[in-house]
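Visitor: I am new to this structure. Could you walk me through it with short questions and answers?

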Amino acid sequence: LATAGQDGILRIWVLRDKYSYFNDMRRRYQVEHEGITEAQVEQDEITQTYLNSPDSRGHIFMDRPFLTYTGHTSDLLDISWSNNFFILTSSMDKTVRLWHISRKECLCVFQHIDFVTAIGFHPRNDKFFISGSLDGKIRLWNIPDKKVALWTEVDGPSKLITAANFCSMGKFAVVGTYDGRCIFYSTDQLKYHTTIDVRSTRGKNS
């Protein structure tokens with residue numbers, strides 16, 4: 001589980017009965033690339049005491065974050081997980097950051113020109129992700145190349161994108177706009193496909 005918010009910190013939580021799996025993954029990378037510090041050894045001992053405590057056996061999640069990540073300079077607005085435990089975060093600091101739970105540092109920063117309100121990994125290929133921004137543009141990013149592969153701009157009086165993701169196993173990208181539209185694009189070229197109007201029949205947006 002990943003949580004984030006106004007403090008700009010990404011927190012990763014793990015299920016109590018899956019802690020060993022994720023900790024082993026993290027430790028393997030540390031041994032090969034970073035080394036283990038005395039503080040980490042002490043933390044492992046504290047964690048093991050917690051796991052052995054009868055009071056913890058009814059807990060679903062661990063009692064503290066497995067990892068915390070810092071780097072964003074403003075509120076976090078969205079999070080996306082990949083099947084390979086990569087994580088994307090988007091922020092009001094106009095960036096998207098890439099993380100992996102085996103690493104302690106940010107892997108890459110993807111710069112935008114306005115708040116990034118929505119992000120989503122491609123469901124079949126996590127080398128690509130989509131981002132939606134308040135500048136009205138939807139961007140398909142190539143992560144290894146660290147650049148935009150395709151982009152298009154939302155039509156209409158309100159271009160504010162408030163949601164974005166893939167559907168149909170990545171065949172289409174869909175964005176939600178502030179004025180209540182869901183707009184679908186073909187992923188291969190980001191060409192317009194169709195729009196569904198989901199505005200309320202009551203209130204100021206009716």
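Visitor: Which residue does Asp44 meet in a salt bridge?
Guide: This model is predicted. In it, the closest N to O distance of the pair is 2.7 Å. A salt bridge needs a side-chain nitrogen within 4 Å of a carboxyl oxygen, so the pair qualifies. The partner of Asp44 is Arg27.

Visitor: How many residues apart are Asp44 and Arg27?
Guide: Asp44 sits in helix 2 and Arg27 in helix 1. Their pair links distant parts of the chain. The separation is 17 residues.

Visitor: Is Arg27 buried or exposed?
Guide: Its partner Asp44 has 25% relative accessibility and counts as partly exposed. Arg27 has a relative accessible area of 16%. Buried means under 20%, so the label follows. Arg27 is buried.

Visitor: How many salt bridges are there by this rule?
Guide: Arg103 forms one with Glu105, with the closest N and O atoms 3.8 Å apart. Asp135 and Arg139 meet in another, at 2.7 Å. The count comes to six.

Visitor: At what relative accessibility does Arg139 count as buried?
Guide: Its partner Asp135 is buried, with a relative accessible area of 14%. Arg139 is also under the 20% cut-off, so it counts as buried. Its value is 9%.

Visitor: Which element gives the largest share of the largest nonpolar core?
Guide: This core has 17 residues. Leu10, Ile12 and Ile101 have the most contacts inside it. Strand 2, helix 1, helix 2 and strand 3 each give two or more residues. The largest share, three residues, comes from helix 1.

Visitor: What is the order of the strands in the open sheet of four strands?
Guide: The pairing is antiparallel. Strand 8 (116–121) and strand 11 (147–153) are the edges, as each pairs on one side only. The twist averages 20 degrees from one strand to the next. The order is 8-9-10-11.

Visitor: Which residue in strand 9 stands opposite Ala118?
Guide: Strand 8 and strand 9 (residues 128–133) run antiparallel. Five bridges join them. Opposite Ala118 stands Gly132.

Visitor: How much accessible area does the nonpolar patch of Leu1, Leu15, Ile60 and Phe61 have together?
Guide: The patch lies on the surface. Leu1 comes in the segment before strand 1. Leu1 has a relative accessible area of 51%, and the cut-off for exposed is over 50%, so Leu1 is exposed. Together, the four have about 370 Å².

Methods
Residues are numbered from 1 along each chain as its sequence is written. This is a predicted model: local features need pLDDT of at least 70, side-chain atom pairs count only at pLDDT 80 or more; totals for chains, interfaces and linings use all residues. Side-chain values use heavy atoms; hydrogens and water are left out. Two strands pair if DSSP finds at least two bridges between them. Axes are lines fitted to C-alpha atoms, for helices over the stretch in contact, and angles run from 0 to 180 degrees between N-to-C directions. Patches are made of residues with over 30% relative accessible area and no salt bridge: like charges are joined within 9 Å, nonpolar side chains (Val, Leu, Ile, Met, Phe, Trp, Tyr) within 5 Å. Accessible areas come from the Shrake-Rupley method with a 1.4 Å probe; for residues, only the protein chains shown count as cover. Buried means under 20% relative accessible area, exposed over 50%, partly exposed in between (1.4 Å probe, protein chains only). A nonpolar core is a set of buried Ala, Val, Leu, Ile, Met, Phe, Trp, Tyr and Cys residues joined through side-chain atoms within 4.5 Å.
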